[in-house]
Amino acid sequence: MLCEVQEGTRIGSKIWRPAVSQIMTHLQGCHRCRIVLIGVTDSGKSTFATYLSNILSTSGFKVTFIDADIGQNDVGPPGSIAVARPTTLFTDLRDLPPHRMTYVGYISAGVTFKPILDSLSRVLSAVHEEDRANSVIVVNTDGFVLSRGLYYKLELLRLIKPHLTVTFGPALYEVFSRLYEGQVIEAQIPEGVGKNHADRLIRRMIQYNRFLASSRPTTINLRDKRLKFLGYDFDEIIQITDLGEVKKGKMNLMPSYEPIALIDRDITTVVISMGALRDMFVGLGDEITVHGFGLVSKVYGTTLRVKTPVKGAFSTVYMGIIRLSGGSAEANAHLGFL
Ligand SMILES: Nc1ncnc2c1ncn2[C@@H]1O[C@H](COP(=O)(O)OP(=O)(O)OP(=O)(O)O)[C@@H](O)[C@H]1O
Ligand SMILES: [Mg+2]
């Protein structure tokens with residue numbers, strides 16, 4: 001369908017020419033430049049990341065794109081932090097093969113943002129170790145920016161220490177250029193666009209299913225694996241019968257069918273119910289990266305039946321609160337604090 005774009009309408013890539021031109025100027029003399037995109041939901045972050053990456057590639061830069069949007073991740077599934085290194089021009093971030101992934105296992109930064117910052121810090125170190133000449137690192141973030149999200153985004157900026165922060169719309173530009181000490185520029189927000197709640201859920205389901213395609217059943221005993229919950233390490237899972245038996249510093253498995261996970265503030269102790277493990281969307285990998293994902297179909301104590309496309313060996317099971325009930329609908333476990 002052909003659409004006529006009215007003169008002066010704030011849509012199309014033209015609205016971002018001033019921001020991209022400022023970025024290109026800034027890149028001169030900037031080694032391994034880090035650029036962070038900050039905007040509320042539907043402000044155009046992913047589309048801008050696509051546009052900017054293509055321009056950077058055609059200008060001779062090597063782009064490393066870090067998708068730290070755990071809610072609407074384009075490169076990895078929801079709940080992940082994923083890295084891509086585009087080698088050709090592309091039209092949709094979801095077409096990029098992930099170069100590296102990790103998994104925090106929940107989709108809303110409003111719940112707690114410490115796990116995202118800690119996992120992102122490890123991803124940044126890994127990306128920095130893979131130094132490349134003429135590289136630019138572009139980090140996309142989630143839309144949790146207002147009220148407590150503002151504090152989270154400032155913490156995130158202090159972690160990444162970007163050379164440039166791109167904020168979407170005048171209001172965020174105003175706030176971040178006052179509150180953040182680094183250089184901030186403004187990109188326009190496209191008008192009249194947006195995804196409703198159902199669109200967002202569908203996009204997430206497509207992303208989960210993309211990473212579950214060609215799954216086969218396998219059996220995993222959690223006692224034989226390293227465990228991570230929200231990205232934090234647990235060397236052991238023990239079975240308890242009630243909360244009075246909780247052992248500090250361990251992953252405690254409760255027989256309840258209610259999907260519940262309880263953590264302490266430092267995430268050193270976890271209580272997880274069998275109901276939370278059932279239908280859990282898990283990551284399978286090694287200590288540093290996730291090789292792929294799986295869906296728990298049955299739970300027998302600490303032994304799980306998991307459908308996964310991952311074929312090779314893996315030492316670590318990455319867990320969280322994302323559950324795909326009935327193999328399809330997203331139904332998170334309740335996360336509470338001990
Ligand atoms: N410059 C533009 N012109 C026209 N439409 C656009 C433009 N930028 C984005 N859109 C459309 O607006 C919607 C939101 O854009 P996008 O998904 O890039 O935003 P986002 O900030 O990444 O959202 P989310 O918070 O869900 O990650 C999409 O449907 C996209 O196709
Ligand atoms: Mg997006």
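Which residues are the closest to ligand 1, and how many surround it? I looked this up first and found 18 residues around ligand 1, with Thr41, Ser46, Thr47, Pro190 and Val193 the closest. I took a residue as near a molecule if its C-beta atom, placed from the backbone, lies within 6 Å of it.

I note that this is a predicted model, in which local features need pLDDT of at least 70, side-chain atom pairs count only at pLDDT 80 or more, and totals for chains, interfaces and linings use all residues. Residues are numbered from 1 along each chain as its sequence is written, while chains are lettered from A and ligands numbered from 1 in the order in which they are written.

**Entry: ligand shell**

I sorted the shell around ligand 1 by class and obtained four nonpolar, ten polar and four charged residues. For these classes, Ala, Val, Leu, Ile, Met, Phe, Trp, Tyr, Cys and Pro count as nonpolar, Asp, Glu, Lys and Arg as charged, and the others, Gly among them, as polar.

**Entry: Arg10**

I located Arg10 in the segment before α1 (17-27). Leaving aside neighbours within four places in sequence, I found Arg10 in contact with Ile15, Gln188, Pro190 and Glu191; contact requires C-beta atoms, placed from the backbone, within 7 Å. Pro190 is also one of the closest residues to ligand 1. From C-alpha to C-alpha, Arg10 and Gly192 are 8.4 Å apart in space, although 182 residues apart in sequence. Is Arg10 buried or exposed? I recorded Arg10 as partly exposed, because 13 other C-beta atoms lie within 10 Å. The scale calls a residue buried if 20 or more other C-beta atoms lie within 10 Å of its own, exposed if 12 or fewer, and partly exposed in between, with C-beta atoms placed from the backbone.

**Entry: the chain as a whole**

I counted seven helices and 21 strands in the chain; these are DSSP runs numbered from the N terminus, helices being H or I of at least four residues and strands E of at least two. The C-alpha atoms fill a box of roughly 65 × 45 × 35 Å along the principal axes. The radius of gyration is 21 Å, which agrees with the value near 20 Å for a compact globule of 338 residues. That radius is taken over C-alpha atoms, and the globule rule is 2.2 Å times the number of residues to the power 0.38. Buried residues make up 42% of the 338 residues. Of the contacts between residues at least 6 apart in sequence, 61% join residues at least 24 apart.

**Entry: domains and core**

I read the domain assignment as domain 1 (15-208) and domain 2 (214-337); such bounds come from an automatic or database domain assignment. The C-alpha centres of the two domains lie 28 Å apart. At their interface, 20 residues of domain 1 are in contact with 18 residues of domain 2. On the domain 1 side, β4 (98-103), α3 (114-129) and α6 (197-210) each supply at least two residues. By class, that side of domain 1 has 13 nonpolar, four polar and three charged residues.

I then examined the largest nonpolar core, which has 90 residues, and in which Ile66, Val138 and Val282 have the most contacts. Such a core is a set of buried Ala, Val, Leu, Ile, Met, Phe, Trp, Tyr and Cys residues joined through C-beta atoms within 7 Å. Why does this core lie between the domains? Domain 1 and domain 2 both give residues to it, so it lies between them. Not counting residues up to four places away in sequence, Val282 touches Phe293, Gly294, Val296, Val306, Val317, Tyr318 and Met319.

**Entry: loops and backbone**

Most residues other than glycine have a negative phi. I noted Ser214, where phi is near 60 degrees, in the loop between α6 and β8 (216-221). Ser214 is exposed, because 7 other C-beta atoms lie within 10 Å.

Ile267 likewise has a positive phi, of about 55 degrees, and lies in the loop between β13 (260-263) and β14 (270-273). I recorded Ile267 as partly exposed, with 18 C-beta neighbours inside 10 Å.

Asp264 is found in the loop between β13 and β14. Beyond four places in sequence, Asp264 touches Thr269, Phe337 and Leu338. The C-alpha atoms of Asp264 and Leu338 are separated by 4.9 Å, with their positions 74 residues apart along the chain.

Terms used
Contact = placed C-beta atoms within 7 Å.
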